[in-house]
Amino acid sequence: MNFLARLFLIPIISSAFLLHAAEPLISNVLPRGGQAGSELDVTISGNRLKDSKEIFFYGKGITAFDINATNDKSVKAKFKISKDAELGQHELRVRTKSGISTLKTFWVGPYPNLSEEEPNTSFEDAQKIEINHTINGVVKNEDVDYFEFNATKGQRISLEIEAIRLSGPLFDPYIAILDSNRFEVATSDDTELLLQDSTLSTIIPKSGKYFVEVRESSYRGGNNFYYRLHIGDFPRPLIAFPAGGQAGKMLEVTFMGDPTGPIKKKIQLPGKENLGFGFRVEQNGSIAPAPNAIRVCEFPSILESEPNDSIKTANVTELSLPLAFDGIIDKEKDVDNFKFKAKKGQKFNIYAHAQSIGSPLDPVLNLYDDKGKSIKGSDDANNGRDSLITITIPKDGNYTLRVRDHLYAGGDRFVYRLEAHPFSPQVTASIPMFGNRDTQSRQMIPVARGNKTATALNLSRKNFNGELQVIAENLPTGVTMHAPKAPSSFNSVPVVFEASPDAPLGQSLVNLKVRHTDPEKNIEGNFNHNVALVYGPPNNRTYYESTLKYLSVGVIEKVPFSVFIHPPATPIVRGGSVNLKVEAIRDTNFTAPITLRIQTRPPGIGAKGTVSIAKDKSTAYYSLTANGGTSLGDWDIAVQGEADTGNGIQLASSKLTPITVEDPYLSIKINMAAIERGKEGEIICDLDIKRPFDGMATLSIRGLPAFATTTDQEFDANATQVIFPIKTEEKVRVGITKNLFCFAKIPFKGNKITHTVGQGGQIRIDKPPPKPKTNPKSDLILAVKKPVETKTKKKPLSRLEQLRLAKSGGN
C-alpha cells in the first residue's frame, strides 16, 4: 500500500453491507500489529472461519503458521515477521476450504511491543513503560489511558499513534505528554502528516518522570477502538523539502518539523516513477514509524528561488513541460511564480500537491500567458485542498504558474510541489462493487475444483481507443482464465476462472494486466482495487482506504452444482430478444434454490439483475433484449449461480457462451386507426423487409386497449403490408391509445427470431354518432285523434249578386 493514508470523500455504508456476502468474514485481528523481526500469537475473529487453511499477505515479510480454527468465528495462528519486513500496513486474507475472506490489515513497527494494562485511567494508576516501545491498547467509552516513563533534560521524546489507520471505527485520537505536575509539555490531535492520527515530538525540559495521555478526542470509545502508540527518541519530521524528484536521481532532502531542527539526507530515488514513495528518517539507531512523502516522477524538477513574487520576477526555465516545481510559501502573503515553455496543442494536468504531501498549505493555482493574461485557475479539487488545472496549451510560447495559500498564510512547512503531467494513454481494470458502497464483497475469486467462477471486469480507458485483451500472470496451479477481447465501445467484459478437478487447494495473488491488442501502441494497465477501510459522517464518507494491485484467486473444495448455458439457437437482433436456457447440474440430494446473475453484458443488451432456479428444479430462462444501438457481432456472456450450500453462499459459473447480434430482418410502421366503439375495423401495418428469409413469419400486435381484440397474422418475405382485424366491445375505452408495438417472429433454421418493431403506434376509439331525436308520446296522441272538419268562411255577396239571386228564386 502507499505509505500515506489517502483521504477521499467517497460515500460507503457500515459493516452491515457484508451481511449478504458469500465469503468468510474477518472482523478483527489481534494484536493489531507487531515488531519487525519478531514472532507473535495472533487471533483472527469473524465468521465462517472454521475450515481455515491459510493466512496470506499482499506484501512480503510476514508468514503465518500453526493455524488453528477453534470454531466458526475464531482462528488462532502465529505470525513470523522478518527483520526486513516493510514497516507500516500489511493487508491479509484467510483462505478456507470453501472461500477467501474479506480483507483486514496488520501493522509492522520498528519497536518491541507491549500490551496496555488496566487500570491505567489516572495518574496514580499510570502504567510504567520504557521508551522505544510500541503499546497495543484500546480506548473504551470515556476512557483515558496513562503511561509513565522517565526522561532526561534535552532528550527528544516522540509519540506517534496508529488509530484510525488500524481500519476499525472512526477513531480520532488525542495524545499528550505531561510532566509530574500534570502540566502539558506537548499535545497533538489531528496532523497534516497522519490525517486524524496524531504525532508529536518535543525536547524534555528537565529530567524526571513524565506521563503520556491517550484518549479519543471527544471522549468516545468502545471495545473496538484499538490503537498502537509508538514512544521513543526517534526523529519525527513532519515534511520533506523538496517533496519529490526525478526518477533515478540522487536527491538532497531537508526534513523539517523535528524539534532538534532540520534534518538533511541524500536519498537515491527509485529508477521508475513512484508517486507513493516515502522515506523514514533514522538517527542514532531510531527510526520514524511513518515515512514522509517524496513523489518520484519521470520528468525534471525545478527548485524555487526568491525573489519570485510576481510574473516579472518569476523563476525562469528554458525547459518545456512536463516539469515539476518545488517550493515553500514561507511567509504570509507570499506568492511564487514559475515561467516555462510549452507548445500548442499539448495537454496537461497540472497538480498543486500540498495536503497529499503532509503540508498545511491550502494551494491556489493560476496559469498565465506570456502577456500576464489569466488562462485558468484552481482552488480545491478532487474533494480535497489540493488544486488541479487541466489545460490544452493554446499556442507556442512562455507561460507562468502562480501558487499561493488560499488565506495568504505561510510558514516554514508550507511546502508545495507542482507537477505537470502530460495526457497519456491510461487503462485500469477493476471489479465492480457487488452492492451499493460495498468495496469488499466478491472482490476475490474462489474457484471450486472442477468448476468455474466468473466476474465482470470493468475497463477504464483514458486518452486512447482500441481493442484490449486481459492477461493473468501467476494463476494458481490448475486454474485457467478465459476473457474475451474488449472493443473500444466496451467498458466491461466477463472473465471466467476455471479450476481442473485435481487442482491443488491454494491461492495466488494474480497480476491482472490489460493490454492493447496492437503491440505498437505499447499501452498496458493493471488491476486496481480501492478498499474503503474507515467510514463516517457526513454521509458515510471514506476516511481511509487501501489500494490493492493484485487479484486474489484461490482453489476451494468442490461445490454441489454447476451451471450451463444452452447456446441460443438464433441470433438476437437489434430491437429483438432471446431467451437463454440456463441449466443447473446438481449433485444428488442438493435441492436448494439457485440465483442466477449475468456477469456484465455487451453494450445495448438488457437483462434482469437476477433470475432464480426454484428448489428442486434444474432450469430457468434468462431473457435478453437488444436495443437499436447494440454492437453487431459475436459477444461472450457468462451466468453465475449462487446457492447456500450450508457453509455460506457458494458460486459456480457457466463457461463463456457467445451470443450473436445482427441487424433486424424488418421494420414496421403502424398506421393510426380509428374505429367506432362496438364496431369492427382494422390496423394496417406497413412492412419494410430488410433481409430475406424463408417460410412464413408471424406478427402480433401489443398494447391494444381493453375490450379490443385481434388475431396474429402471417406474412412472407415479399409482404409489404399486414392488416390486423380489430373487434371492439361496447365497454372499450373511448380515446387515443398510444405506444402500440408488434412482435415479429422470423423463421430461422427451425426456430424463430423475435423482433420488437413498430413502437409508437396509435389507435383511436370513437363514440358512435347520435340517433335522430323523437317524442314517442306526441306520436301516440296524433295517431288516435280524429280529423277536424274545416269550415270555409263564405265571401259576402255584392248588391248585384244579391239581385240576381232573388230573381232566380234564391237558387
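Rings of Phe, Tyr and Trp (its six-membered ring) pair if their centres lie within 6.5 Å. The exercises below apply this and similar rules to a predicted model.

**Exercise 1. Aromatic pairs**

Task: State how many aromatic pairs the structure has, and classify the pairs F171 with F225 and Y665 with F693.

Solution.
1. The count under the rule above comes to 17 aromatic pairs.
2. For F171 and F225, the centres are 5.3 Å apart and the planes meet at 50°. Planes under 30 degrees apart count as stacked and those over 60 as edge-to-face, so the remaining angles count as tilted. The pair of F171 and F225 is tilted.
3. These two residues come from distant parts of the chain, 54 residues apart. F171 lies in the loop between β13 and β14, and F225 in the loop between β17 and β18. Both F171 and F225 are buried.
4. For Y665 and F693, the ring centres are 6.4 Å apart and the planes stand at 75°, so this pair is edge-to-face.
5. Y665 and F693 also link distant parts of the chain, 28 residues apart. Y665 is in the loop between β59 and β60, whereas F693 is in the loop between β62 and β63. Y665 and F693 are both buried.
6. One aromatic cluster is formed by F325, F338, F340, Y399 and Y416.

**Exercise 2. An open sheet and a hairpin**

Task: Determine which strands stand at the edges of the sheet β50-β59-β56, and describe the hairpin of β57 and β58.

Solution.
1. The sheet is open, has three strands in the order β50-β59-β56, and shows mixed pairing.
2. β50 (572-573) and β56 (633-637) each have a single partner strand, so one side of each has no neighbour in the sheet; these are the edge strands.
3. β50 and β59 (residues 657-662) run parallel and are joined by two bridges. Within β59, V661 stands opposite I572.
4. Strands β57 (residues 639-644) and β58 run antiparallel, with five bridges between them. A643 has Q650 in β58 as its bridge partner.
5. Four residues lie between the strands of this hairpin, and G646 takes a positive phi near 100° there.
6. In β58 (residues 649-653), four of the five residues are buried, and the strand is mostly covered.

**Exercise 3. Nonpolar cores**

Task: Identify the residues with the most contacts inside the largest nonpolar core, and examine the surroundings of L596.

Solution.
1. The largest nonpolar core comprises 57 residues. Those with the most contacts inside it are L457, F497, L596 and L624.
2. When neighbours within four places in sequence are left aside, the contacts of L596 include V563, V582, V611, I613, Y622 and V639. T610 and Q640 are also among them.
3. A second, separate core has 31 residues, including I675, L704, V722 and I753.
4. As a general background, nonpolar side chains tend to be buried together in soluble globular proteins.

**Exercise 4. The setting of S492**

Task: Decide whether S492 is buried or exposed, and list its polar contacts described here.

Solution.
1. S492 belongs to strand β43 (residues 492-499).
2. Its relative accessibility is 10%, so S492 counts as buried.
3. The S492 side chain reaches the backbone oxygen of L457 at 3.5 Å. A polar contact of 2.9 Å joins the side chain of S492 to that of T600.
4. Beyond neighbours within four places in sequence, S492 is in contact with A456, L457, N458, L459 and T600.

**Exercise 5. Cysteines**

Task: State how many disulfides the structure holds, and test C685 against the cut-off.

Solution.
1. The structure holds zero disulfides.
2. The cysteine sulfur nearest to that of C685 belongs to C742, 4.4 Å away. A disulfide needs the sulfur atoms within 2.5 Å. C685 is in no disulfide.
3. C685 is buried, with a relative accessible area of 0%. C297 also counts as buried, at 0% relative accessibility.

**Exercise 6. Backbone geometry**

Task: Locate the cis peptide bonds before P119 and P322, and the positive phi values of N382 and F707.

Solution.
1. Most residues other than glycine have a negative phi, and most peptide bonds are trans.
2. The bond from E118 to P119 is cis, with omega near 0°; P119 is in the loop between β9 and β10.
3. L321 and P322 are likewise joined by a cis peptide bond, with omega about 10°. P322 lies in the loop between β29 and β30.
4. N382 has a positive phi near 55° and is exposed, with a relative accessible area of 59%.
5. F707 has a positive phi of about 75° and counts as partly exposed at 37% relative accessibility.

Technical notes
Residues are numbered from 1 along each chain as its sequence is written. This is a predicted model: local features need pLDDT of at least 70, side-chain atom pairs count only at pLDDT 80 or more; totals for chains, interfaces and linings use all residues. Side-chain values use heavy atoms; hydrogens and water are left out. Two strands pair if DSSP finds at least two bridges between them. Buried means under 20% relative accessible area, exposed over 50%, partly exposed in between (1.4 Å probe, protein chains only). A nonpolar core is a set of buried Ala, Val, Leu, Ile, Met, Phe, Trp, Tyr and Cys residues joined through side-chain atoms within 4.5 Å. Contact means heavy atoms within 4.5 Å. A polar contact is a pair of N or O atoms within 3.5 Å; within protein, one must be able to donate a hydrogen and the other to accept it, and residues adjacent in sequence count only if both atoms are side-chain atoms.
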